[in-house]
Structure formats: structure tokens, C-alpha cells
Amino acid sequence: DIVLNFSSRDSHKYGQYINTIWPKYLVFNSTLDLHKEFIRITNAFKEYSILKRIVLIPVIILRYMLSIIKYCFQVMFELFFRFIHASILIFGIVLNMIFLAGKLLFSYPVKLIVDGFNYVYGKIEIIYPPLLRKSLQYKYSLIGAVIILFLFSVFVIMPRLGSELIPEVHQGEFYVELTLPVGTPVEDTDKRIQPILDKIVSIENVANVASVSGTDKSATSDSEMGEHTAKITVSLKEDSNFQLAEEKAINEIRNMLKNYPGLNVKISHPTLFSFKTPVEVHIQGYNLAKLQKYSALVERKMEQIPGVVDAQSNIQRGNPEVQIYYNRTLLARYGLNVRTVASIVRNKIRGDVATEFKEEDRRIDILVRLREADKETIDQLRRIVVNPGQEIPISLEVVSEIRVNEGPSEIRRIDQQRTAVIGANIAPGYDLKNINAAIFDELQNIDFPNDFSYELAGQNKEMETSLNSLMMALALAIFLVYIVMASQFESVIHPFVIIFTIPFALIGVIIALYILGIPLSIIVFLGIIMLAGIVVNNAIVLVDYINYLRKSGLKKTEAIVEAGKVRLRPILMTTATTVLGLLPMAIGMGDGAEIRAPMALTVIVGLITSTLLTLVIIPTVYSVVSKEV
């Protein structure tokens, strides 16, 4: 037999090695099969007579050709499967090499971490039992000290914390809203903002800008917008620090636009959620003139408060309008009435649909009104005939007085009361709570009329509503946790001891927020609600084991100390894994980190604080409230 075996050839350098790790890898059976097939065909051919051989020569040639074709396909499949096998083998070798390299690189650091943890844990394991006995010896003093620390944190440090509805997310984009004097045509508005666009583009880290002049009245838009307003969208470069770049660009834009008289500026950011302006003051009163006067006064007062920017009232200069005051005595003398005359004037100026033009299925309104040339000026309006068809025509100026006045920009009602809304943004470095306190002090010094009132609204009011709902959610969470533990422990006292970890966890949270300068927000409060369900886990493990040891016959103090020693390692490990899992979120990497980081930091600090208190305070409280059996 002939077998094509490359591994047996001395000329192949790696043949013997490959044959060692994978026997018969280089053995090809297709050559042996072809050789056997040729021998079988040849032997069969020899058995025939010479005449039959001559006749069967084409058949024999065809069989040889089919055998060669079969051999080619067999070789191709053998090569293909050996290639697949080799790829899998190489891939496994590479993975093994990567594993060995990782093991070589990280084994020493991991060993250092493990040795460090074991060293620290060994010291804690030595210190903890005597510390626990000391805390049980001076239990009332220790509990009193912790309660004093808790009250100090809640009533002294917590009022010093700032507040905000939700952290502002820096997305590398913000809007510059410009307001020119009322009545400015949209063409002039667009021309005036072109130099501003060129200057904004030249600011460092600004990638591009886009502007929109005027507004589409048929679309849903702010009532303060019109042909005299423009909105510029500023986008920053991707490789820049969005927070620092935004603050720098906004400050430069504000300083630059101070040199443009008659231009009101408001800067805003894209919002993830639909919220009101950070700062809003509502002034309620019926008299529009006084409402405009006091809203302008409050706007000036707010602009002088440090940290308040982009203060703007919704009551601005109104559009000029023609007002017609009818003389009812003269109308009655000429046999006319106000309704009829006013309807005639309106139809002549605005137009009236007299009929419809029908063209197949189409209906086209036919609007009848004065020519534009007959109503361009006030004098032409005065000559409008208000009694068409009568013998003696009577013009509008005979029975009325026409004045050109400024109408109100808008009349906004809140709770059925005419209201002026003065909104503003908060500069970086300031918080909502302190800004609202400063605005309230300024409002107290303004002598409003007796029929006027004011209130602080905006995000301050939304935050009060949200905090009330979250307080209810926190109370419900604590109640549900207590009910579940009471049913499992079959006791009212032991779940009460475990619940102590929740308020004590707030000590670390409040102090950490104060040190890091993080204001209270909805996100922080959500982290506190999460703590209500997390921090009780370690206390449950500890109290449950104390009860188990006491049922086994140990005295209360000995059971507490022994349970603390046994449960020390699981408590520290569960705390460490949770803290390390939340650490990347608390560091604040990636987009939207401003929202994630406060929640993660709240949970981390609260969990660490509650763990320390669980190991010392909870056994002490248990010793106080639980009687010796």
C-alpha cells in the first residue's frame, strides 16, 4: 500500500513535531484511494479478451477520468477540513497564550490586592471584637453620640446644601436666543445677527453655528417669538471638555453681546426632560400697565443678584396698533349701532367671504375687501363709509376717534389671574436654593399694590412637588421593608433595630455631599430611596445570626460578639463588591455622567457609612432593645 504521509519525510522540517501533537494530520488518504482504484480498474481490464479490451478502451479511459475527478474532490475536502482544524487549533493556542500572558501580567497585582485585603481584614478581625465589647459596655453614650451626629447632619449641614431639580447635562450644544425691538422686520433681524454669527464661530472650541430668524406663526411656538427674534444653535467640537468649553463660550458670548444696544439675550441648553425655567417669578394683578411696570422692576432687581443671568419678563413692548373708539351718542343720532359699524369696518379692512367659486370639485372662497391703496394710511381709514347704501354717506371719523397706541405683547393668565412671568437662568457655580432665597429677599423689599401678589415658581415649585412625592415613596419603601422583615423575624423589635441603618446612612451622605459641593436633587433622592433597600441587608445577616446563636444557648453579649466575628467577612465582602460595582458610575465617565454620578456617589457613601454603623451601632442598639432570655 502507498500512503501519502508528509510527516514521515526527513525533508519536512516540522513534520515529526506536527505528528507528535496531532497524529496523522499530514496523512492524505486520497492518494491511497486513487492508487487502489487504478489497480482495480487495471486488473479488471486485464481479465477481458483482446477484442473486448479494444471495445472497452473508451469506457476504461472514462473510468480513469472519473477516478481522477473523484480524487481531486477528495483532496479538496481533505485540505479544507485540515485548514478548519488548523484554524481552530491556532485559535486555541492564541487564547491559551493570551491567558498565560494575562496570568503573567496580572498575577502579581492581583496577589498584592488579595494580600492587602487579607492584611487589612486580619487587622480588622483582631481589632473588631474588643471594639464591639467596648461599644456594648458604653452603649448609651455611643448611641447618644451617633444620634447627636445625625441631628447635626440633618439640621446644621443639610440646610447648607444647595438644591437643583436635576443636574444639568452638558451635550456640547446650547442655544442663543436674541430679541430685537418689537416691529423689526425679519429681514433686518437676519442682517443684524450675521455679524454675531461670525464672531461666535471664531470662539475657541466652537465647531459650527446655525440660526433661525423669525418664527412660523402657524407652528406651535412661544408667544414671545416673532419676526424680531432669532435663535442661534452653537455646537462645540467633539474633542473638547464640554463643561469647561460651554462655560467659556457662554461667558464670551454674553460679554460680546453687551455691546449691542436694544438686544435681549437668553441662553439655554437642550433639555432631556421638559422642565420650566430654573428661576421664575409670577406677579399677579389685573392692571396691565402696573403689571408691566412691576415686572420690569423685578427683572432689574433679579439682574443685580449674583448668579442670575438671562432675566427676562414675558411682558415686553407691544406691537403698535390702530384703536377705534366709537361715539355711541353720535351713532344713535344717525341710527347706527356699534356692532353694525364695527362689523362693516372689520369686513372692509380684513375682508369678508362673500361667496364661493366652484370649479368641478373645488370650492374657492371669494374674499371681498378694500384695495390696499385705500387702507394704507390712517387718513384713508378715517374716510371709510360706515353706512353704505344710504343717501348721505357717513365716514368713520365722524362717529369715532382713531388713535395709534401700543397694545400689550401678551396677556397671560395663571389660575384665572393676569400674570407676568419673569424667568432667568442660573450661572455655573450657583444653586437653585440660594438663588431663590436671594430673589425672595428682593421681592420682600418691593412695595407691591394691595391687589397684586407674587410667588416663586419655575423649577423651585416643581422640586417641592417632586420632593413631596419622593418623601412619600421613601416612607412607603421603609414601611414595606419593615413589614417584610417583621414577617420573617416574627418580631416587631428586631426589624426596628435593622431600620436604624437607614437614617444613620444619611450621615455619610449629607457630609459627603457638603464636602464635594454636590447639591440635593431628584437624582440624589432616588439614590437615598435605593439605600433604603440596600443598607438593611448587612444588618439582616447580623441580627439573624445573633438570634440563631441565642437560640443555641449563648448569652446575649456573647452571641452579639460571636455573630459579629463570624459575619464580619461576608458583610465587608458584600459592601466591597457593591461599592466597586458602582465606582465606574460614580467617577462620571461618558455622556450623561452628570446624572449618573450623584446617584452612584449617594449609594456608595451611604453603604459605607451604614456598614460601619452596622458593625458597631446595630449590635449596640440590639443589646439595648433586646432582653436577656
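Is Arg382 buried, partly exposed or exposed? Good morning, everyone, let's start there. Arg382 has a relative accessibility of 26%, so this arginine counts as partly exposed. One thing to keep in mind as we go: what you are looking at is a predicted model.

So who is the partner of Arg382? Its salt bridge is with Asp379, and the closest N and O atoms of the two sit 2.9 Å apart. Asp379 is partly exposed too, because its relative accessibility comes to 46%. If you find helix α10, residues 378–382, you will see both of them there, three residues apart, or about one turn of the helix.

As a quick reminder, side chains of opposite charge can pair when their charged atoms come close. Searching the whole structure turns up five salt bridges, and I'd like to show you two others.

Here is one of them: Glu558 and Arg133 join their side chains in a salt bridge, at 3.4 Å from N to O. This one ties together distant parts of the chain, since Glu558 belongs to helix α18 (residues 556–587) and Arg133 to helix α3, 425 residues apart. Glu558 is partly exposed, at 36% relative accessibility, and Arg133 is also partly exposed, at 39%.

The other is between Glu401 and Arg403, where 3.2 Å separates the closest N and O atoms. With a relative accessible area of 42%, Glu401 is partly exposed; Arg403, at 34%, is partly exposed as well.

Now let's leave the charges and go back to helix α3, which covers residues 50–137 and includes Phe73. Which kind of surface patch does Phe73 help to form? A nonpolar one, with Leu62, Leu66, Ile69, Met76, Phe77, Phe80, Phe81, Phe83, Ile84 and Ile88 as the other members. Together these residues have about 1100 Å² of accessible area. Phe73 itself is partly exposed, with a relative accessible area of 47%.

For contrast, let me finish with Thr609, in helix α19, residues 593–625. Is Thr609 buried or exposed? Its relative accessibility is 16%, and the cut-off for buried is under 20%, so Thr609 counts as buried. What does its side chain find there? A polar atom of the Thr609 side chain lies 2.8 Å from the backbone oxygen of Val605. And if we set aside neighbours within four places in sequence, Thr609 is in contact with Phe504, Ala505 and Gly508.

That's my tour, thanks for listening!

Notes:
Residues are numbered from 1 along each chain as its sequence is written. This is a predicted model: local features need pLDDT of at least 70, side-chain atom pairs count only at pLDDT 80 or more; totals for chains, interfaces and linings use all residues. Side-chain values use heavy atoms; hydrogens and water are left out. Patches are made of residues with over 30% relative accessible area and no salt bridge: like charges are joined within 9 Å, nonpolar side chains (Val, Leu, Ile, Met, Phe, Trp, Tyr) within 5 Å. Accessible areas come from the Shrake-Rupley method with a 1.4 Å probe; for residues, only the protein chains shown count as cover. A salt bridge is a side-chain nitrogen of Lys or Arg within 4 Å of a carboxyl oxygen of Asp or Glu. Helices (H or I, at least four residues) and strands (E, at least two) are DSSP runs, numbered from the N terminus. Buried means under 20% relative accessible area, exposed over 50%, partly exposed in between (1.4 Å probe, protein chains only). A polar contact is a pair of N or O atoms within 3.5 Å; within protein, one must be able to donate a hydrogen and the other to accept it, and residues adjacent in sequence count only if both atoms are side-chain atoms. Contact means heavy atoms within 4.5 Å.
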